[in-house]
Amino acid sequence: MPHDHDTLNALNRYAPLSEKLKSLHDALSRRFDFIDRISVAIYDPKTDELKTFIHSSGGDQPLRQYQARLSEASSLQEILKSGKPRIVNDLAIFATGLHEHTRRIAEQGYGASYTMPMYSNGEFFGFVFFNSYRKNVFNEEALHFLDVFAHLISLVVIGEFTSIRTLISTVHTARDFANLRDTETGAHLDRMSRYARIVAKELAPKYGFDDEYVEHVFLFSPLHDIGKIGIPDSVLLKTGLLDMSEREIMRTHPQKGRQIIDTMLLDFGLESFEYLNILRNIAEYHHETLDGGGYPHGLRGEEIPMESRIVAVADVFDALTSHRPYKEAWSIDDAFQELRKLAGSKLDADCVEALIKNRAQLEEIRDRFQEDTYG
């Protein structure tokens, strides 16, 4: 008996989520050729931001590296209130919409849309969007299949994020057990990860970063110093200056971080996931400097992965503008001046300028994620 062709076999392979989404789109298009675009946006509850993540529309990219506050998108809020998908068979009703995402979709020429909210254990996670250039195409038969595919896409995306977030939560718990709250607060990690996302997003057009890359830099940057778990408290928590032997011990934490991450990825069965080299590179190379004077390998210039250069700038900026027991917080202007001094020799100049260009966002993040009493 001949075997049936498995149209969703791509879901069984390790591949980027964007490739899995394209495979699902191809399978759906065999029955409904009017589906021109499928996309996913994910939600950050700490900032109320809905962020573009993956899409299957090929060269048509009306929304890329885009984010908007959910509280300011009334039509999407209505979907959440109902908890049900929204079908719009003629997008002309949004022709006078004021929001940028509405304008971009209209300019692309889409005629109809289907939108389904995604939930993870009852918590809102984001949206799945289906768009067509034709109007009045979402009939009862199509909606039956779209409901199934929307839930399947939701499960695939949330499944991968759940694995990554479980890994990150485990690491955070390990850090707490290792008494690292005294050296890296949750507020610091919230700030610097969002600073890193700003830099990655700003540089995306020049370097060709997609939304998946930007989001993974954001997700993984809080784990940059995980290797400090392996540093003795006598060195890690010392209030005074480290002596030469103590500095050498401290300089081992990037390699320890890489070892910890590789072990954990193996234990979690995640070692083959796409984009995890971003995590490895952030942990191992974030103290390398362009002039070769960094550690642990003395890499120079472009030998240093871009995600490591991005995180280095975000981390230095937050360190400069944060209060520490041994110093007061610098002003943003003074921090910018220092970053420019380091640009080209220690820090990547493109990354520095990308950060500086977004002062308003930096101030908003700094004010939102302030240190608590014990920070």
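These legends accompany several close-up views of one predicted model.

**Figure 1. The whole chain, before we zoom in.**
Let's start with the full picture of this predicted model. Along the chain you can find 14 helices and six strands. The chain has 375 residues, and 51% of them are buried. About 18,200 Å² of the chain is exposed, with carbon and sulfur atoms supplying 50% of that area. Now think about contacts between residues with a separation of 6 or more: 66% of these join residues that are 24 or more positions apart.

**Figure 2. Helix H10 is mostly covered.**
Here we look at helix H10, which runs through residues 276-285. How many of its ten residues are buried? Nine of them are. To find them in the view, look for Leu276, Ile278, Leu279, Arg280 and Asn281, then carry on to Ile282, Ala283, Glu284 and Tyr285.

**Figure 3. Arg197 is a buried residue of helix H5.**
Helix H5 spans residues 186-207, and Arg197 is found in this helix. Is Arg197 buried or exposed? Its relative accessibility is 9%, so Arg197 counts as buried, the cut-off being under 20%. Leaving aside residues up to four places away in sequence, Arg197 touches Lys51, Gln67, Val214, Glu215 and Phe218.

**Figure 4. Phe53 and Phe161 form an edge-to-face pair.**
A pair of aromatic rings is described by the distance of the centres and the angle of the planes. The chain has 15 aromatic pairs. In the pair formed by Phe53 and Phe161, the rings are 5.2 Å apart centre to centre, with 75 degrees between the planes. Phe53 lies in strand E2 (residues 49-55) and Phe161 in helix H4 (residues 140-177), so this pair ties together parts that are 108 residues apart in sequence. Phe53 is buried, with a relative accessible area of 2%. Phe161 also counts as buried, at 2% relative accessibility.

**Figure 5. Tyr207 and Phe209 form a stacked pair.**
In this view, the ring centres of Tyr207 and Phe209 are 5.6 Å apart and their planes are 15 degrees from each other. Tyr207 counts as partly exposed, at 32% relative accessibility, whereas Phe209 is buried, with a relative accessible area of 9%.

**Figure 6. Five aromatic residues are linked into a cluster.**
Which residues should you look for here? Tyr43, Tyr119, Phe124, Phe127 and Phe129 are joined by ring pairs.

**Figure 7. Helices H11 and H13 cross each other.**
H11 covers residues 306-320 and H13 covers residues 349-356. Their axes come within 9 Å and cross at roughly 50 degrees. H11 and H13 are therefore oblique to each other. Their crossing is right-handed. On the H11 side, Met306, Arg309, Ile310, Val313 and Phe317 take part in the meeting, and the H13 side brings in Cys351, Val352 and Leu355.

**Figure 8. Ile365 of helix H14 touches Tyr195.**
Helix H14 spans residues 359-368 and holds Ile365. With a relative accessible area of 11%, Ile365 is buried. Which residues does Ile365 touch, not counting those up to four places away in sequence? They are Arg191, Arg194, Tyr195 and Ile198. Although Ile365 and Tyr195 are 170 residues apart along the chain, their C-alpha atoms are separated by 8.0 Å.

How values were computed:
Residues numbered from 1 in each chain as written. Predicted model: local features only at pLDDT ≥ 70, side-chain atom pairs only at ≥ 80, totals over all residues. Heavy atoms only, no water. Buried < 20%, exposed > 50% of the residue type's maximum accessible area, 1.4 Å probe, protein only. Helix = DSSP H or I, 4+ residues; strand = E, 2+ residues; numbered from the N terminus. Contact = heavy atoms within 4.5 Å. Areas by Shrake-Rupley, 256 points an atom, 1.4 Å probe, with all protein chains shown as cover. Phe/Tyr/Trp six-rings, centres within 6.5 Å; stacked < 30°, edge-to-face > 60°. Axes fitted to C-alpha atoms, helices over the stretch in contact; angles between N-to-C directions. Parallel < 35°, antiparallel > 145°, perpendicular 65-115°, else oblique. Left-handed = near helix turned anticlockwise from the far one by under 90°.
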